[in-house]
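Visitor: Hey, got a minute to go through this one with me? I'd like to start with a hairpin and then look at how the chains meet.
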Amino acid sequence: MLEKITEKIWNFLASIKTGMSLVALIALVNFGGSFIIQSEQAQEGQLERAYSPETLAFLDRWGLLDIYHSWWFILILTITAVSLIIASIDIWPRYWARVKKWKPKFPGERFDFADFKKKIPCSKADPKRVQELLERSSKKVWTGASASGSRDFFFQKGCYAHLGVFVIHTGLLLILIGGGIGTKFGFEGQVRLREGESSKIYIDERGRGKAQPLGFWIKANDVRIEKYDNGSPKAYYSDLEIIDQGKIVKTKTIKVNDPFDYQGIYFYQASYGTEPINQRATIYLRVRKGQKGKEHAMSLAMNEAHKFPWNKGSEREFRVIDYAPNFELPMEGHVRQLGEAIKIKIKDGKKEEELWLFKQFPNFDATMRKGAESFVLDNVQIDYDVTEFTGLLVAYNPGVWTVWIGSTILLFGLMWTFFAWHRKIWVRVDHDHVLVLGHVLRNDQGFDRYFNKIVTRIEKEIGIL
Amino acid sequence: MSTALRLSFDLLNAAPLLYFTAMVLGVLYWVRQKKGLATAITVIAGLALLLHTTALGIRWIEGGLYRPPWTNLYESLIYFSWGLALVCFFCELKFRIRSIGIFAYALVFATLGLAFLTPQKAINPLVPALQSWWILAHSFLAAFAYSGLIVASVFSFLYLIKKGLTRRTLVFSSTLVGIATVLLSGGKDLFSQGIYRMNEMIFYNGVWMKNPIAGTDPQEFYQLTLSMVGPLMGLSLLLYVLAAVFLLMQRRVDMSCRSLGFIVFSAAVLCNIAFVVDIYIQIGLRENLTLASSPYHLVFMSLFTSLQVFLWIVCWRPHALPQYLPAAETLDRLANQLTMFGFPFMTLILITGAIWAHEAWGRYWGWDPKETTAFVTWLIYALYLHARRLPAWKARRAAVISVVGFFSVIFTYLGTNLVLSGLHSYGAQ
């Protein structure tokens, strides 16, 4: 019973129709998948812009946003791989028999199997000379005799063309295995480095943005862009340095299409940009004693202690300790935005006081606090420097060589199958004629020429020409 | 502009005329098989190919060795049409089959015509992503893969015609192609009162960039208000659907030219031609808007509409055509041989593409739409090759798979960037 089931499964997976159905299924899934934005390629916020929240939830629930890594797609690929193996094993004996165990069947009197026929009338053909001639074309010439007393010869060429299909299947299988290894043991991530910065972690893209250790330091010594005369980018460069256990072990300038690797981990130039650093705020404000005193305009930096201008000898001082580009005041049910604001800390010996100032409301401090002095915030100016940064793609894929080897084998197999051809030639030397028969697998145009060549040679040999 | 480059443009203006002549002579040859005519076709096509090759060569020399002439849209159109013409010319010489030329040269002519209308013809410098040796191998091979497979599919299609399709089957398949044509042409703007939207971003063989003719006022440049196009498109779609419904309702296998289904189908084809011609007229009337606004869109539309015209002729006289065709066995064998020529190239471009992607982006396969559709094409022709091993599938069904493959190739080359244009930026960093 069990054997029967196993046999049924085996036959099912070995059938060429199953294989074709699976291939058609993969093609259909791929075709459909190319119409849905995949989260793998989607840029920031692209999915949200393209689909409504309901559609997005629906797609996500059915794994349609990451089709190519979904369990069912991997299952289809796995079944296809298994089917590929089983089908190859299943057809092997038949194909091998065509190559090795093959014994020529010498034709009786029916020749309809042959694609090419040529009857040369000749009464004094010498079978031995014909055999010698044929042996010049092929190492192995089978001999036989027919019932009518004729001498039969047979030889074949290119019989190994039948085995090309196994080479192709092996290549495909290796590519699939390589892909599996890469998915299972490899990683893909990003490192973003400013000029002069170094990092020992990368942001894992497959692990939803988790930081992972690299195992060494990578440092960007220089990041730059080169432009064409018309201003469009010509090249992005990053001078990279690997520091392992305190020593610089490798340096290279990389650019797009020219990555480098350390311990199998590849670094690619993925993006380039500039960003502000060393941000400094200059705060312009006015301060007066009490609510009515003379106004003093001041400009100061963050966290810089200042005495009040009318009483420099006193212990009382103030400093700006916080800055909000847009102050948010939580109200019932919503947030009110109050614009630019700074936080001031006033210190008088042990006594401390904190207050917020709003650019929008110049009288706020004078009317609300009614303290020993009142501030008016005029402006906040932010200065910064610009630094270049490089976005590196970090990838480790142990399966990649398996894929390359598989690809090479696949190509080799295709060439073998498509350009090698199995040719069979029979020659019968009878008492009043010589009969040449030819049969070919594919490429019959080329065989036409080959067959005629053989016929001409025989004709020459037996002295017709 | 240098003199050499000017010469290259002149040659590229002359070549399409010669291809067109070869195509017209091909049609004549179909009806009257004179030997002199056959020689004339070969000579004219050969001359066209010579001019085409020279123009490409000049462009390569002008751009420098590191910048092969297939790195932007204009060059891509020129280069792929060259590949197609080359494969076709080779088939003519080797297999002595002139009927293939009509289709292939028509495609070459249409593609070169579109290249002619593309405004960005300068040799622009390469963006960083394209600065690689692999662009030489990868894109170079792509022309042969696509051309080989396209010609193979045309042979399969002719084989199906030769084997005798009923008019009903032919008309029904043609209506389906027609529905696809209108849907692809119209997109989501099909019913938008004739405002025919043009793409803001255009795709230049590997990179998205801003429309070079973009002005300050987006209304003026990106939208083409065509009062006729929208209604005509809608009408055409309606007629195609109606024709399909009539055909499904009809029980009789053989149908005459006077049957309702065929008449409605003919009207649909007329509408189809009308809206495409209308778009060209409208574009021609405007100074600022040339084809570059959405070239792939228009290539697609024009090619599919030409196909539709051809299908109509076949549907009109389904029994007249087969007698001019070579023997079914010959067509079948040629389809197989060309698939065996194109398939290794298709495999090669997938592999070289993977190597390039590995070098540029750190992954050899990323399920990008372009990669995916190329893979689908590969799978379809793999199916074809397997189908030929099954006695029941060997002949007709294999040919049908191959014809499906034709659309897949077109979709891989143009459709990915057209239909999915808003979704992905293949090649962009």
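Guide: Sure. Keep in mind that this is a predicted model. In chain A, strand 16 (residues 341–348) and strand 17 (residues 351–358) run antiparallel, joined by eight bridges.

Visitor: Which residue of strand 17 is the bridge partner of Lys347(A)?
Guide: That's Glu352(A).

Visitor: And what about the turn, how many residues are between the strands?
Guide: Two, and one thing to look at in this hairpin is Gly349(A), which takes a positive phi near 65°.

Visitor: OK, switching to the interface. How many residues does the contact take from each chain?
Guide: Chain A puts in 56 residues and chain B puts in 54. The area buried between the two chains is about 4600 Å², with carbon and sulfur atoms giving 67% of that.

Visitor: Which residues in chain B lose the most area to chain A?
Guide: Pro128(B), Tyr364(B) and Trp367(B), which together make up 15% of what the chain B side buries.

Visitor: How many salt bridges are there across the interface?
Guide: Zero by the rule used here. For polar contact, the rule finds three residue pairs between chain B and chain A, with both residues at pLDDT 80 or more.

Visitor: Which helices of chain B supply at least two residues to that side?
Guide: Helix 3 (73–95), helix 11 (328–361), helix 12 (369–387) and helix 13 (396–419). Helix 11 of chain B gives the most, with 16 residues.

Visitor: And how do the residues on the chain B side divide into nonpolar, polar and charged?
Guide: You get 33 nonpolar, 15 polar and six charged on the side of chain B that touches chain A.

Methods
Residues are numbered from 1 along each chain as its sequence is written. Chains are lettered from A and ligands numbered from 1 in the order in which they are written. This is a predicted model: local features need pLDDT of at least 70, side-chain atom pairs count only at pLDDT 80 or more; totals for chains, interfaces and linings use all residues. Side-chain values use heavy atoms; hydrogens and water are left out. Two strands pair if DSSP finds at least two bridges between them. Helices (H or I, at least four residues) and strands (E, at least two) are DSSP runs, numbered from the N terminus. Contact means heavy atoms within 4.5 Å. Buried area is the accessible area (1.4 Å probe) that two parts lose on being put together, summed over both. A salt bridge is a side-chain nitrogen of Lys or Arg within 4 Å of a carboxyl oxygen of Asp or Glu. A polar contact is a pair of N or O atoms within 3.5 Å; within protein, one must be able to donate a hydrogen and the other to accept it, and residues adjacent in sequence count only if both atoms are side-chain atoms. Ala, Val, Leu, Ile, Met, Phe, Trp, Tyr, Cys and Pro count as nonpolar, Asp, Glu, Lys and Arg as charged, and the others, Gly among them, as polar.
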